[in-house]
Amino acid sequence: MRIKDPQHLSKVQKECRAALGKFPKKVIVCCGTGCLANGAAKIVTAFEDVLSKRKVKGFSIEAVTKTGCHGFCEQGPLVVIEPQGTFYTRVKPKDVEAIVEKSLAHDEILEPLLYSDPSNGHKIERYNDLPFFSMQRRIALRHLGKIAAHSIDEYIADGGYQALAKVLTSMTPDEVIAEIMASGLRGRGGGGFPAGRKWRTCRDVVSDVHYVICNGDEGDPGAFMDRSIMEGDPHGVLEGMMIAAYAVDARQGFIYVREEYPLAVTHLKKAIDDCEEVGLLGDNILGSDFSFSIRISRGAGAFVCGESSALMRSVAGEVGEPRAKYIRSVVKGLYDKPTVLNNVETYVNVPLIIDKGAEWYTSIGTPSNTGTKVFSLVGKVRNTGLIEVAMGATMREIIFGIGGGIIDNRPFKAVQTGGPSGGCLPESMLDLPVDFDTLTEAGSMMGSGGMIVMDDRTCMVDLAKYFLSFLVSESCGKCVPCREGLYQLHAMTVKVSEGRATEADLEKMEKLSEMIILGSLCGLGKSGPNPLLSTIRYFRDEYLVHIREKRCPAGVCRELITYEINDKCTGCMACISACAVNAITGEKKQVHVLDQEKCTKCGACYAVCKFDAIEIH
Amino acid sequence: MNHDFGKLPEIFGRYDQSPASLIAILQDIQREYHYLPKEALRETARWLTIPLSKVYSVSTFYNAFSLVPRGKKVIRVCVGTACHIRGASLIQQQFESMLNIKAGQTTPDREHTLEVVACVGACAMAPIIIVDEKYHGSFSVSNVRKILKAK
Amino acid sequence: MVRLTINGKLVQAAEGEMLLSVIRREKIDIPALCHHEAVEPYGACRLCMVEITRPEWDGWANFVTSCLYPVEENLIVSTHSPKVIELRKTIVDLFLACHPNTPEIIQLAADYGVTHTSYEEVPEPDDCILCGLCTRICETMGFKAISAVGRGHGKEIAPPLGEAPPDCVGCLACAQNCPTHFIKFSDRNGVRRIWEKDFELMACSRCGRKTITREFAESLSAGRDIPMEYFEICDDCHRMETSRTMGRIANWSREVQP
């Protein structure tokens with residue numbers, strides 16, 4: 001069935017809403033990657049099993065909805081009963097029978113499955129009352145956890161494609177661009193470049209062909225915002241791209257999805273197929289002159305392909321080697337045609353901006369950083385997961401408010417933002433409002449939104465070494481400053497972590513970093529030294545301890561630590577079986593002995609000891 | 001190694017016969033044969049009418065492709081930042097020393113392949129390893145031996 | 001016509017011209033290892049980087065590779081500013097760390113006052129500086145026989161699948177333009193060997209010298225519609241023939257003139 005025009009779309013919307021309203025209750029099972037990894041699929045199967053045997057009045061398996069990531073990954077698998085919003089955490093397949101019996105057939109709450117506030121032990125029943133959610137402002141994530149990820153019906157029922165209809169019937173391309181410019185929307189992939197200005201430049205290039213591309217490469221390790229949006233709200237991304245295509249006169253679009261996200265590819269493909277079937281993609285969309293089609297282009301595992309010119313080469317089936325940006329890709333991009341490349345999160349904001357207006361969007365966030373940002377909050381933080389807050393929220397609010405503070409109440413040491421191109425911020429900067437400009441000034445950058453929280457057991461030298469090692473393996477190898485410079489920079493951090501460096505080496509690293517930033521061809525090289533420079537800036541003392549005292553205060557750098565067994569040892573022999581090199585000897589109920597010569601510092605014994613009998617020196 | 005390359009035309013048929021399809025074709029070949037056999041690369045160059053040197057260049061540039069057959073059991077250690085902070089490098093090193101290979105390699109008996117992957121998006125379960133598509137979250141370095149012993 | 005300043009001197013350039021070409025025209029010597037007039041500029045070695053600024057930038061400067069940056073009206077270019085020199089020094093220093101035994105690199109480093117590398121020498125160094133000239137020239141020649149393999153620090157230039165490259169015709173364009181003479185070949189007993197592939201050398205029917213491979217001749221013949229017989233005579237003999245013909249014409253015209 002083809003949706004012929006905007007009136008028909010509104011009719012379809014009514015029909016979809018009616019279909020959804022058939023069941024008074026709905027069960028939402030979070031099927032984001034984290035929950036799936038934790039067994040969400042088994043929970044869905046459990047519902048199917050239970051409901052096949054037990055009939056519940058006014059409910060059926062159709063009302064079990066698989067949605068995208070709620071963001072509260074620490075508490076998964078998650079099940080939510082709508083419309084009440086009863087929020088069940090850490091659900092196991094064996095709990096499903098009770099859920100059906102108590103919460104669906106009747107209106108009872110299963111207390112043991114409720115979230116428990118760590119400060120006072122109180123149980124919180126509803127989704128909206130959980131501080132994790134009430135402190136957020138979910139705009140880009142609006143559909144995640146609410147609608148079935150693969151359903152065009154639910155998307156339309158929730159107002160989907162009305163923004164597209166509005167654009168096609170009552171706005172010219174120039175008006176669309178003006179609206180996006182007025183909203184102040186800045187690229188959410190990390191560059192923070194004004195999206196409207198990018199679209200304007202692209203449209204102004206006289207060309208027979210314009211392209212629109214969505215960057216779903218999300219290469220920053222620790223970032224899974226775009227993945228969750230692509231998996232959980234694929235139509236939101238498509239609608240944003242369609243509006244952009246209308247604005248810049250593009251007839252062909254691409255979504256570049258990273259190789260490691262097969263579920264995102266599946267969901268996007270279904271969404272595209274469904275749109276094509278109803279005529280929302282293809283020729284004369286909604287009866288207008290606008291024709292547009294989208295293809296998925298899969299990445300094949302290369303961080304550098306997150307860079308725009310490298311991405312475009314990859315779409316064209318080439319190696320992902322970037323080229324100098326003196327001629328910008330918005331003017332000469334894919335196949336040398338003017339191309340708009342924006343991030344997943346940027347596009348998913350677009351339909352809502354068109355719907356509610358630029359002024360509404362500017363009322364959120366700060367004047368030069370409007371709207372919200374999605375962050376993946378990971379590391380040593382209690383509430384690991386996906387969150388969205390208005391620009392200008394402070395680090396403290398995010399990490400200690402929504403994030404619930406540090407695991408085991410250990411001291412906060414630093415938070416890393418911007419992935420391998422970003423930097424660290426120490427405790428003294430916790431009250432910094434988070435936005436593109438403040439983070440860059442502080443020596444870091446917003447990046448795509450990965451936020452890695454670290455405690456006192458993270459070594460900053462080790463962290464810099466880790467990022468440099470990542471960049472060295474991901475460098476395309478075209479230009480010398482990046483290929484050889486980062487390689488040597490990494491070698492020098494290895495020296496520091498092994499206690500072989502001198503203070504002159506520290507200065508050498510800073511100078512080399514400056515030259516790499518100056519001389520590199522693309523962003524990977526240009527921002528590569530950032531993690532190193534920011535850790536030296538805020539944690540210089542830690543570097544000096546490694547250099548002068550050959551000691552690693554955090555107990556991480558293997559050459560500088562030893563494992564020792566203290567007298568808390570009960571002789572349980574757990575460490576002896578854990579040790580792969582037989583470095584520990586001892587009898588039952590006797591204090592064990594660790595042979596330093598054989599020890600490889602792998603940490604297996606430390607991990608397995610329940611008595612704190614293994615110490616790191 | 002003998003392969004049935006009869007599958008190739010079917011794989012080619014899924015895509016446009018244009019250079020832009022190269023990466024997608026290679027991915028499908030990788031999935032089908034668990035690596036990129038030389039003859040498959042030659043066939044691909046012929047079908048797309050592009051130089052063999054370009055097909056080879058692309059095959060060796062991207063992480064997803066392997067030019068040597070993979071092992072029966074593929075162990076992936078996530079080394080994303082969240083996992084790194086929670087001890088992923090120790091897990092990687094333990095696998096490397098117990099299997100006597102480096103990440104990216106396959107054991108000589110073709111039983112195990114060890115790979116590192118940067119972030120699978122399940123950071124709440126860090127550190128995480130994936131063995132043949134099965135996720136093992138909150139993994140401890142002391143479990144390495146158990147995984148290797150399991151069938 | 002575009003007017004810009006290079007090292008304080010006002011010069012003129014054509015619209016769309018790259019800075020490097022103007023710089024060279026002004027006889028200013030800056031290194032550009034990955035550059036060759038016959039192929040598209042690449043921007044890999046970064047040695048040709050220059051400092052640029054504009055009057056309205058209030059002293060703020062940008063650093064660009066002159067091989068790829070088109071001239072602009074009122075641009076102010078500095079080819080040997082302190083930062084540029086420091087950058088070139090760093091690059092040659094990094095080169096020395098991976099090519100400590102390569103004469104051309106040692107010489108280049110010496111030109112910038114660097115005698116040993118201040119970094120760690122890499123294990124198993126070789127002479128390939130990964131400038132990409134060979135692959136780009138091979139592509140421009142139309143053969144695309146070799147390419148870059150792998151990426152990053154371990155990248156190499158190699159024939160596909162590690163075997164004799166099927167598309168190579170033994171024209172030697174790669175070897176003749178390699179800045180460090182890394183690409184080796186041999187002509188022996190009527191056989192040319194390059195990239196571990198053997199080619200039959202055609203002997204000139206006039207002088208007997210063997211300068212072109214049969215494969216190269218065949219590809220030129222097919223591509224440009226020239227009969228194979230043309231290649232049975234070597235270039236030098238062709239030139240000799242042409243100059244004799246020109247000589248005869250000159251003599252004839254002298255005889256004809258009264």
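Q: Which residue stands opposite A:Val29 in E3(A)?
A: That's A:Val79. Bear in mind that this is a predicted model.

Q: How many bridges join E1 and E3 of chain A, and do they run parallel or antiparallel?
A: Four bridges link strand E1 (residues 26-30) to strand E3 (residues 79-82) in chain A, and the two run antiparallel.

Q: OK, and what's the strand order in the open sheet of chain A?
A: The order is E2-E1-E3-E4, so to speak left to right on paper. Four strands make up this open sheet of chain A, with mixed pairing.

Q: Which strands are at the edge?
A: Strand E2 (64-67) and strand E4 (86-88) of chain A, each of which pairs on one side only. On average, neighbouring strands in this sheet are turned by 20 degrees against each other, ignoring direction.

Q: What lies across E1, E2 and E3 of chain A?
A: Helix H3 (residues 40-53) of chain A does, and its angle to E1(A) is about 155 degrees.

Q: Switching to chain B: at what angle do H3 and H4 pack there?
A: About 125 degrees, with the axes of H3(B) (residues 38-48) and H4(B) 9 Å apart. The two helices are therefore oblique to each other.

Q: Is that crossing left-handed or right-handed?
A: H3(B) passes H4(B) in a right-handed crossing.

Q: Which residues make the contact?
A: From H3(B) you have B:Leu41, B:Arg42, B:Thr44 and B:Ala45, and H4(B) brings B:Leu52, B:Val55, B:Tyr56 and B:Ser59. Sorted by class, that contact has five nonpolar, two polar and one charged residues.

Q: Now the contact between chains A and B. How many residues does each chain give?
A: Chain A gives 45 residues and chain B gives 41 residues.

Q: Which helices of chain B each supply at least two residues to the side touching chain A?
A: Those are H2 (22-33), H4 (52-61), H5 (81-85) and H6 (88-99) of chain B. The largest share comes from H6(B), with five residues.

Q: What's the class mix on that side of chain B?
A: The side of chain B that touches chain A has 25 nonpolar residues, 15 polar and one charged.

Q: Last topic, chain C. How is it divided?
A: Chain C has domain 1 (2-80), domain 2 (82-125) and domain 3 (133-241).

Q: What separates the centres of domain 1 and domain 3 of chain C, and how many residues are in contact?
A: The centres of these two domains of chain C, taken over C-alpha atoms, are 34 Å apart. Seven residues of domain 1 are in contact with six residues of domain 3. The domain 1 side of that contact divides into five nonpolar, one polar and one charged.

Definitions and conventions:
Residues numbered from 1 in each chain as written. Chains lettered and ligands numbered in written order. Predicted model: local features only at pLDDT ≥ 70, side-chain atom pairs only at ≥ 80, totals over all residues. Contact = placed C-beta atoms within 7 Å. Nonpolar A, V, L, I, M, F, W, Y, C, P; charged D, E, K, R; others polar. Axes fitted to C-alpha atoms, helices over the stretch in contact; angles between N-to-C directions. Parallel < 35°, antiparallel > 145°, perpendicular 65-115°, else oblique. Left-handed = near helix turned anticlockwise from the far one by under 90°. Pairing = 2+ DSSP bridges. Domains from an automatic or database assignment.
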